[in-house]
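Here is a quick tour for someone meeting this structure for the first time. Have a look at the fold, and then we'll walk through it piece by piece.

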Amino acid sequence: MGQQDGFLKFDRELPDSRPPEKRIEDFKEIYQPFPEVKTKKQAARCMDCGIPFCHSGCPLGNIIPEFNDAVYHENWEEAAKILYSTNNFPEFTGRICPAPCEASCVLGINKPPVAIEHIEKTIAEKAYELGYIKPNPPQVRTDKKVAVIGSGPAGLAAADQLNKAGHWVTVFERESRIGGLLRYGIPDFKLEKRFVERRISIMDEEGIRFKVNAEVGKNINPDMLKDDFDAIVICTGSTVPRDLPIPGRELKGIHFAMDFLTMQNKEVAGDKVENKISAEGKNVVVIGGGDTGSDCIGTSHRQKASSVLQLELMPKPHLKRDDSDPWPLWPMTLRTSSSHEEGGERKWGVLTKEFKGNEKGELSHIKLVDIEWVNQGGRQSMQEIQGTERDVPCELALLAIGFSHPENHLLENLGVEKTQTGLVGADQYKTNVENIFTAGDARRGQSLVVWAISEGREAAREVDQYLMGRTELPAKDSSFFDIAELEK
């Protein structure tokens, strides 16, 4: 605890963002520089709370009070050691994580919580600036080879940990650049890709091999992987999007959100993009109220959409916690992203009933109706509100309603069993095939980047144990109770 009365003396403060009307002119990160002295004050707000609930709020088990204390004392090397001991990529999570740790912060019971995410990002950037983060290949190599399929956050975390254990790791990525979701699913205004490239460059110098344009089951023979590698880790993510099979779905102008975002990210990276999905001059409707939908809003603004409307099926969340939403659980409260601040309109409790088009087969309108949620026999069900049907102009509809499971062909080619929902079947990261493991969204379903990193780390432990009969890779700190236990 750096300053005993810090949480009483200092208010929560975060970096200012560039004005919305300026930042929508480019795809660069939106936040302005933040003086270190202010970050030190934010670290000083961390309390000596006895039981740091933030530990169990973080899927990685980050040791938060300790690195806050190090930041307060301006001991950046110590702060970096603490942070990187549990998190391979804080330069990513410090920018894009929704910060469940902050939702569990004890100070957050009656004050704004400690700015943990900002502090995390600052530690990571200072560590690079001061030279603490540099290539560090393992001093001893084993004779074991591991193939990691997928270069998203789970795959990169697994590869990084297994390389630290001395194994020879090769990452297979079907796209032309490494990064998976970090590269193609998250817009540059949230995560500039130079930060991804910086980390990939270090991993490459540490001995990890990256193969791009390499899709297992198509141009990479699955049998070759089984013959050439001692273990395989499936980290492909949950990439099959949920569809909206309503009348008019076949019209031109209806696209999955990830296709829209991927094309824009490729263009920003300088890749040639054919038949790009563009929002320019169009009335855009984003169906889905989550982070992916928010990313579509920000991208649409930058593409000069005529209007942007976001629809959410559920009712509008509360502004603050209520009795049904107590601390330290994740609060189901209203969230306003930087993309929302840039313009557009949001509607809650709205059902999309039909897509309508013109004589050319192009989308021109969508039919909406307001709904209300009622309790029937202990279950919530939705009912349409009579007289609220209307047609809304729309030339581009983006479906941002989640993802269901990984693509089937890879699992079938590897002989890996699936769950009833289509996810990779696994017992503690180990599939039904003896030397094949899995981690991330492919195993647990659509989730957060921070969960993917945690999964990759834990899967690496299981692989190392399988290969060597023991493992010295660190486990997630289990000395703090799980919040889920409190609910029982």
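How many residues lie between β10 and β11 in their hairpin, and which glycine in the turn has a positive phi? There are five residues between the two strands, and the glycine is Gly 361, with a phi of about 80 degrees. Keep in mind throughout that this is a predicted model.

**Around β11**

Let's stay with that hairpin for a bit. Strand β10 covers residues 350–357 and strand β11 covers residues 363–376; the two run antiparallel and are joined by seven bridges. One pair you can look up is Lys 356, which stands opposite His 365 in β11.

β11 also pairs with β12 (residues 379–384), again antiparallel, this time through six bridges. Here Gln 376 has Arg 379 of β12 as its bridge partner. β11 and β12 make a hairpin too, with two residues between them, and Gly 377 in that turn has a positive phi of about 60 degrees.

Then there's β13 (residues 390–393), which is joined to β11 by four bridges and runs antiparallel to it. His 365 turns up again here, standing opposite Pro 393 in β13.

**The parallel sheet**

Now for another part of the chain. Five strands make an open sheet with parallel pairing, in the order β3-β2-β1-β4-β16. The edges belong to β3 and β16 (436–438): each has a single partner strand, so one side of each has no neighbour in the sheet. On average, and ignoring direction, neighbouring strands of this sheet are turned by 20 degrees against each other.

Zooming in on one pairing, β1 (residues 145–149) and β2 (residues 168–172) run parallel and share five bridges. Val 148 stands opposite Val 171 in β2.

Helices pack here as well. α10 (residues 153–164) lies across β1, β2, β3 and β4 (231–234), and it runs at about 165 degrees to β2. α19 (residues 449–468) also packs on the sheet, where it touches β1, β4 and β16, and its direction makes about 165 degrees with that of β16.

**What the record says**

Two stretches carry domain annotations in an unreviewed UniProt entry. The record labels residues 23–129 "Dihydroprymidine dehydrogenase". It labels residues 144–456 "FAD/NAD(P)-binding". Here is how the two stretches look in the model:

| Residues | Helix | Strand | Distance between end C-alpha atoms |
|---|---|---|---|
| 23–129 | 54% | 0% | 26 Å |
| 144–456 | 27% | 25% | 18 Å |

**A buried leucine**

Is Leu 398 buried or exposed? Leu 398 is buried, with a relative accessible area of 0%. This residue lies in strand β14 (residues 396–399). Setting aside neighbours within four places in sequence, the contacts of Leu 398 include His 255, Phe 260, Val 284, Val 285, Val 286 and Ile 287, along with Cys 296 and Ser 300. Met 314 is 84 residues away from Leu 398 along the chain, and their C-alpha atoms are separated by 18 Å.

**Backbone oddities**

A few spots in the loops deserve a look. Trp 327 and Pro 328 are joined by a cis peptide bond, with omega at about 5 degrees. Pro 328 sits in the loop between β8 (307–312) and α16 (338–341).

Ala 99 isn't a glycine, yet its phi is positive, at about 60 degrees. Look for Ala 99 in the loop between α7 (90–96) and α8 (100–103). With a relative accessible area of 5%, Ala 99 counts as buried, because the cut-off is under 20%.

Asn 213 is another non-glycine residue with a positive phi, near 50 degrees. Asn 213 is found in the loop between β3 (209–211) and α13 (222–228). Its relative accessible area is 47%, so Asn 213 is partly exposed.

**Charges and rings**

Finally, check the tryptophans. Arg 141 lies over the face of Trp 168, 4.2 Å from the ring centre. Over at Trp 451, the charged end of Arg 444 sits over the ring, 4.0 Å from its centre. As for rings that pair with each other, the count comes to five aromatic pairs, taking centres within 6.5 Å.

Conventions: Residues numbered from 1 in each chain as written. Predicted model: local features only at pLDDT ≥ 70, side-chain atom pairs only at ≥ 80, totals over all residues. Heavy atoms only, no water. Phe/Tyr/Trp six-rings, centres within 6.5 Å; stacked < 30°, edge-to-face > 60°. Lys NZ or Arg CZ within 6 Å of the ring centre and 35° of its normal. Buried < 20%, exposed > 50% of the residue type's maximum accessible area, 1.4 Å probe, protein only. UniProt positions renumbered as here; feature names shortened; annotations may be inferred. Pairing = 2+ DSSP bridges. Axes fitted to C-alpha atoms, helices over the stretch in contact; angles between N-to-C directions. Contact = heavy atoms within 4.5 Å.
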